[in-house]
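Here are my notes on the model you sent. Please read them with the structure open.

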Amino acid sequence: MDQAGAHTSAPTFHALQDHDVTASGLTKSFGQNEIFKDVSFRLVRGEAVALVGGNGTGKSTLLRCLLGLIPFDAGSVQLLDHDIASANRAGLRTLRAQTGLVAQKHNLVPRLSVLTNVIHGFLGQHSGPRYWSQSFAPAQARLAAMEALDKVGLAHLASRRADRLSGGQSQRVAIARALVARPRLLIADEPCASLDPSAGEEIMAMFFDLVRSEGVTVVFTSHHIDHALTYGDRVLGLAEGRLKLDATAASLAASDLRGLYD
Ligand SMILES: Nc1ncnc2c1ncn2[C@@H]1O[C@H](COP(=O)(O)OP(=O)(O)OP(=O)(O)O)[C@@H](O)[C@H]1O
């Protein structure tokens with residue numbers, strides 16, 4: 001296991017420069033319900049890491065802790081060289097502006113067009129006063145959104161309302177929205193949940209082509225063992241509230257992952 005070191009000592013910049021995330025001794029409970037304990041790992045810049053485990057083992061909760069969306073009870077998270085727990089609101093906003101999120105529910109605004117939904121992804125990352133003082137900003141946002149839609153093969157549906165899309169199309173728009181601001185880190189929570197096997201396969205291949213070509217660090221959850229092994233450089237496995245697996249995908253067989261679900 002690749003354990004991330006002591007929980008309380010502040011790692012030096014040099015120790016962190018090749019890592020986009022360092023989680024050390026993370027522990028999280030909801031009330032009396034301990035979800036996970038003493039979870040430590042690092043995400044190396046540019047790598048894709050699959051986070052696997054049975055239903056309710058805490059994968060989504062762990063991702064939310066990494067992004068500072070919910071507090072954790074013990075341990076620390078260094079996100080893009082910043083300590084999440086001590087970041088103020090402005091600091092958290094800046095950090096989140098460098099991260100993209102593809103959630104299980106695509107969270108598109110149903111009544112708005114595909115293009116406007118993707119523009120929101122861009123503006124969400126560039127919404128400071130200085131940005132708005134630039135008169136070219138809306139045109140820049142529109143151009144970036146069209147480029148992102150082109151990359152996911154949906155430029156021709158730019159003016160369609162989001163609630164008139166199929167599940168696969170809607171997932172592509174969610175991916176375009178996450179990638180439009182060129183994040184350094186992308187968190188994808190079951191990027192092909194609710195898609196049929198063939199659409200799911202297509203989305204995963206397209207998603208990883210894009211993130212690989214842009215050099216983005218990715219952590220993704222999946223219930224598909226083959227997806228974890230095919231698209232992950234490394235696999236993290238949660239079971240019984242512990243990080244039971246941290247190994248390169250190349251060193252693992254499907255049976256190693258099945259053991260997590262016993
Ligand atoms: N806000 C919350 N309040 C209380 N309990 C919660 C909350 N969010 C999640 N939980 C509980 O934490 C546990 C872990 O949930 P989580 O969604 O992180 O698991 P998961 O591994 O992502 O599950 P799945 O694979 O089914 O998506 C579950 O028992 C869930 O009910």
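1. Start with the turn between strand 1 and strand 2. These two strands make a hairpin, with two residues between them. Gly31 sits in that turn and has a positive phi of about 60°. Keep in mind that this is a predicted model.

2. Now the pairing itself. Strand 1 covers residues 19–30 and runs antiparallel to strand 2, with eight bridges joining the two. One pair to look up is Leu26 and its bridge partner in strand 2, Val39.

3. The hairpin belongs to a sheet. Four strands form this open sheet, in the order 2-1-4-5, and the pairing is antiparallel. What are the edge strands? They are strand 2 (33–44) and strand 5 (82–83), and each of them pairs on one side only.

4. A helix lies against this sheet. Helix 2 packs on it and touches strand 1, strand 2 and strand 4 (74–79). The direction of helix 2 makes about 120° with that of strand 1.

5. Helix 2 also matters for the ligand site. Which element gives the most to the shell around the ligand? Helix 2, residues 59–66, does, with three residues. The full set around the ligand is Phe30, Ile35, Gly53, Asn55, Gly56, Thr57, Gly58, Lys59, Ser60 and Thr61. By class, the shell holds seven polar residues, two nonpolar and one charged.

6. A second hairpin is worth a look. Strand 9 (residues 234–239) pairs with strand 10 (residues 242–248) in the antiparallel sense, over six bridges. Leu238 stands opposite Leu243 of strand 10. Two residues lie between the strands of this hairpin, and Glu240 takes a positive phi near 50°.

7. On to the domains. How is the protein divided? Domain 1 takes in 1–98 + 185–194 + 217–262, and domain 2 takes in 104–182. Eight residues from domain 1 and five residues from domain 2 make the contact. On the side of domain 1 that touches domain 2, five residues are nonpolar, two are charged and one is polar.

8. To check on screen, I would view three places together. They are the turn with Gly31, the face of the sheet where helix 2 packs, and the ligand shell, with Lys59, Ser60 and Thr61 among its residues.

Methods
Residues are numbered from 1 along each chain as its sequence is written. This is a predicted model: local features need pLDDT of at least 70, side-chain atom pairs count only at pLDDT 80 or more; totals for chains, interfaces and linings use all residues. A residue is near a molecule or strand if its C-beta atom, placed from the backbone, lies within 6 Å of it. Ala, Val, Leu, Ile, Met, Phe, Trp, Tyr, Cys and Pro count as nonpolar, Asp, Glu, Lys and Arg as charged, and the others, Gly among them, as polar. Domain bounds come from an automatic or database domain assignment. Two residues are in contact if their C-beta atoms, placed from the backbone, lie within 7 Å. Two strands pair if DSSP finds at least two bridges between them. Axes are lines fitted to C-alpha atoms, for helices over the stretch in contact, and angles run from 0 to 180 degrees between N-to-C directions.
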